[in-house]
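This report describes selected features of one structure for a reader who has not met it before. The sequence and the structure come first.

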Amino acid sequence: MSPRAAWRLESQGFGEVYDYVAGKLDWMAAGLRTEGTNTAHPRAGDVSRKDVPTARLVERLGEVRAHARAAGWDAVVVTNNERVVLGLLRSKELDKNPDLTMEQAMRPGPSTFRPHVAINEMAEYMAKHMLESSPITTSDGRLVGLLLQKDAIQSVGEKE
Amino acid sequence: MPTEIDRNQVRKLVERGAQLVEVLPADEYEEDHLPGAINLPLRRLETEAVRILDRGRAVIVYCWDAA
């Protein structure tokens, strides 16, 4: 639809016309602010915890686990230097042999969700699929935060 | 010929005063739109663009996605 609009504007004498082809979906998936009635409702990106511990592939599980649990976390997201999510360790993976590297211990390629997804949809999905936590990422895979199922359910409860 | 741009270019152009136009129907615009965007669905754009928009400034149009 936007290409037709852009061409039509040009034919009407507008000299400098741009088409943001990836559109609103791309904007919202990047976690960027929008305006409108939906902004009153929390979304996955709003409720996700931004202070989730992260680690690199080569780090040792024992050390990472100690730091994470000392900070009250039972999950660690494995990212690269660009904050692109490569893996996830929930409580089950964190309990593995401490000598393993993150790469060996992690759950590779975890399902990720975009920041603009409504929190009630996330709560329902996570409960149905028994996900205790899910990484929230931008459309290019960069970590926004970790959404805990209990936070999602609590947020829905507050809304109602 | 209209120029295709990405979101980083959108932000830069808007900072420089470009007009941002969502061409989706009004109900979709009401729910969510990019900050500062105005709504001109395709049919309204046909008749109202010249009156509402400034031809002397850049215009960025967008819809939901590339599909």
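The model is predicted. Within it, strand 1 of chain A holds Tyr18(A), whose bridge partner in strand 4 of chain B is Ile60(B). This bridge belongs to a pairing between the two chains: strand 1 of chain A and strand 4 of chain B, residues 59-62, run in the parallel sense and share 3 bridges.

The interface as a whole brings 33 residues of chain A into contact with 31 residues of chain B. On the side of chain A, the elements that give two or more residues are helix 1 (2-11), strand 1 (17-20) and helix 2 (23-29). Helix 1 of chain A supplies the largest share, with 8 residues. By residue type, the side of chain A that touches chain B divides into 15 nonpolar, 9 polar and 9 charged residues.

A second pairing lies within chain A. The table sets it beside the pairing between the chains.

| Strands | Sense | Bridges |
|---|---|---|
| Strand 1 of chain A and strand 4 of chain B | parallel | 3 bridges |
| Strand 6 of chain A and strand 7 of chain A | antiparallel | 5 bridges |

Strand 6 of chain A covers residues 133-137, and 5 of its 5 residues are buried. In a regular strand, side chains alternate between the two faces of the sheet. In strand 6 of chain A, Ser133(A), Pro135(A) and Thr137(A) are on one side, with Ser134(A) and Ile136(A) on the other, and both faces are covered. Ile136(A) stands opposite Gly145(A), a residue of strand 7 of chain A, which spans residues 143-148. The hairpin of strands 6 and 7 of chain A has 5 residues between the strands, and in it Gly141(A) takes a positive phi near 90 degrees.

Elsewhere in chain A, Trp73(A) sits in the loop between helix 4 (61-70) and strand 3 (76-79). Is Trp73(A) buried or exposed? Trp73(A) counts as buried because 20 other C-beta atoms lie within 10 Å, and the cut-off for a buried residue is 20 or more. Apart from neighbours within four places in sequence, the contacts of Trp73(A) are Val52(A), Pro53(A) and Ala68(A). Glu103(A) is 30 residues from Trp73(A) along the chain, and 19 Å separate the C-alpha atoms of the two.

As for confidence, the model scores ipTM 0.96 and pTM 0.78. Chain B has an average pLDDT of 94, and 99% of the residues score at least 70.

Note on methods. Residues numbered from 1 in each chain as written. Chains lettered and ligands numbered in written order. Predicted model: local features only at pLDDT ≥ 70, side-chain atom pairs only at ≥ 80, totals over all residues. Contact = placed C-beta atoms within 7 Å. Helix = DSSP H or I, 4+ residues; strand = E, 2+ residues; numbered from the N terminus. Nonpolar A, V, L, I, M, F, W, Y, C, P; charged D, E, K, R; others polar. Pairing = 2+ DSSP bridges. Buried ≥ 20, exposed ≤ 12 C-beta atoms within 10 Å, placed from the backbone. pLDDT = per-residue confidence, 0-100.
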